[in-house]
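Student: Hey, can we go through a structure together? I'm new to this, so plain words please.

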Amino acid sequence: MITSEFQKNTGKYLMDTYTRLPISLVRGNGCLVYDAEGREYVDCLAGIAVNILGHAHPDLVDAIIRQARQLIHTSNLFYTEPQIRLAQRLVELSFADKVFFCNSGTEANEAAIKLARRYAHNTFGPERFEILTMVNSFHGRTLASLTATGQPKLQEGFGPLVPGFRYVPFNDLEAVKANITPQTAAVMVEPIQAEGGVIVPNPSYLKGLREFCTEQQILLIFDEVQTGMGRTGTLFAYEQFGIQPDIMTLAKGLGGGIPIGACLATDTIAAAFEPGTHASTFGGNPLACAVALKVLDLLIEGGKLEQGRLAGRYLAKGLSSLNEKFSCIQEVRGKGLLQGLELTIDGKPLVLECLERRVLINCTMGRVLRFVPPLIISNAQIDRLLSVLSEVLSKHR
């Protein structure tokens, strides 16, 4: 099939839930992808921050084949070695003591919401159930995670929403303090608001949030679905702020392209989950866990985390140089290989202009170009991105 046929059959057979770019991707290799017509693109989107090791990484391919030949799925009625090993590895690398596996970021956030409410119910009673989240946050598309998402435009038409959520401005500790009530069980926050425009908080904000939640015996949940797995320069973003959450969610980069999510917590909080309180049929299946183990191996022992850290510095420096040249750039911000370019103009047409020049990026919040390439992106490929951006931005001075 060529792209026109893909487009025709997509409209015929798939529900109309996505605005797709007008190309059909059929193959990938490293940081490059190829469309049905054979054209090559530099992928600076990475499946929305998922393909942290690029496309068709040989070690991940080998891990998939090896595990698929042994055991793909059993359900959680049985013990499986890859799941236990992956949980152990995540515990050893993080603040957490226990892990729950699922299939996606939204499922991980659902687990975190349920765990926080269950813990508060068991510890303080049923009247303590409320969760504070942030304006312009994004936590997923299932009903509870959508309610937790502080964007009314995404919630429209899906009411009534799940009760027990309230929203406060991001990066405003006093707003959190002013909105705490005796019903508040937890505060849920992204260390960096990625979908919300790549908003990086002040260094004192998350630290102050941690101290306040501890004082008030309120759980602190970090949604690291997008910031985790080396995306910001450390394995988990919380490491850069000198604090630890009580609960953390992961997905996206954890499986390097294979669907997997995880909810991590300390022993005291994790004890609120007992057999029958939460579950996932596919969660933590041997295939996904075997691949995630290989992702961690490559990040830590294989040096890909450090490679991504260096690439993030190079990209940030290059974007800052563009900021000095073009008045239509309002701000450059981000950490590691999660970078945003806020414009004074609509960013969506620029995404298409980059696409025409064979570079894949996207736009969030209308005016923020977002760059989340694989951690293995080379300086030459970053230079290609910067050259295309310069060419595109020169038309919008």
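Tutor: Sure, let's take this one piece by piece, keeping in mind that it is a predicted model.

Student: Okay, let's start with the sheet. What order do the strands of the open sheet come in?

Tutor: There are seven strands, and the order is β4-β10-β9-β8-β7-β5-β6, with mixed pairing. The edge strands are β4 (98–102) and β6 (165–168), and each of these pairs on one side only. From one strand to the next, the twist averages 20°.

Student: And which helix packs on that sheet?

Tutor: That's α4, residues 81–93. Helix α4 touches β4, β9 (247–250) and β10 (261–265), and its direction makes about 130° with that of β4.

Student: Back to the edge at β6. How many bridges join β5 to β6?

Tutor: Four, and the two strands run parallel. Strand β5 covers residues 130–134. To pick one pair, Met134 has Val168 in β6 as its bridge partner.

Student: What holds paired strands together in general?

Tutor: Strands of a sheet pair through backbone hydrogen bonds, and they can be parallel or antiparallel.

Student: Cool. Where does Asn136 sit?

Tutor: Asn136 is in the loop between β5 and α6 (143–148). Its relative accessibility is 29%, so Asn136 counts as partly exposed. Leaving out neighbours within four places in sequence, Asn136 is in contact with Gly150, Gln151, Gln193, Gly196 and Met365.

Student: How far apart are Asn136 and Gln151?

Tutor: They're 15 residues apart in sequence, and 5.2 Å apart in space, going C-alpha to C-alpha.

Student: There's another asparagine, Asn109. Is that one buried or exposed?

Tutor: Buried: Asn109 has a relative accessible area of 1%. Asn109 belongs to helix α5, residues 105–124. Beyond neighbours within four places in sequence, Asn109 is in contact with His139, Ser145, Met188, Asp223, Val225 and Thr249.

Student: And Glu324, buried or exposed?

Tutor: Glu324 is exposed, because its relative accessible area is 72% and the cut-off for exposed is over 50%. Glu324 lies in helix α12, residues 304–325. If you look from Glu324 to Lys207, 117 residues apart along the chain, their C-alpha atoms are separated by 32 Å.

Student: New topic: how many disulfides does the structure hold?

Tutor: Zero. Take Cys102: the nearest cysteine sulfur is that of Cys263, 7.5 Å away. Cys102 is also buried, with a relative accessible area of 2%.

Student: Why is Cys328 without a bond to Cys354?

Tutor: Because the two sulfurs are 12 Å apart, which is too far for a bond. Cys354 has the closest cysteine sulfur to that of Cys328. Cys328 counts as buried as well, at 2% relative accessibility.

Student: Which residues of helix α13 are buried?

Tutor: In α13, residues 348–356, the buried ones are Leu350, Val351, Glu353, Cys354 and Leu355. So there's our Cys354 from a moment ago, among the buried residues of α13.

Student: What do those buried residues pack against?

Tutor: Quite a list: β3 (40–43), β12 (338–343), β13 (359–360), β14 (362–364), β15 (368–371) and α14 (379–393).

Student: And what happens just after α13?

Tutor: There, Arg358 takes a positive phi of about 70°.

Definitions and conventions: Residues numbered from 1 in each chain as written. Predicted model: local features only at pLDDT ≥ 70, side-chain atom pairs only at ≥ 80, totals over all residues. Heavy atoms only, no water. Buried < 20%, exposed > 50% of the residue type's maximum accessible area, 1.4 Å probe, protein only. Contact = heavy atoms within 4.5 Å. Pairing = 2+ DSSP bridges. Axes fitted to C-alpha atoms, helices over the stretch in contact; angles between N-to-C directions. Disulfide = S-S within 2.5 Å.
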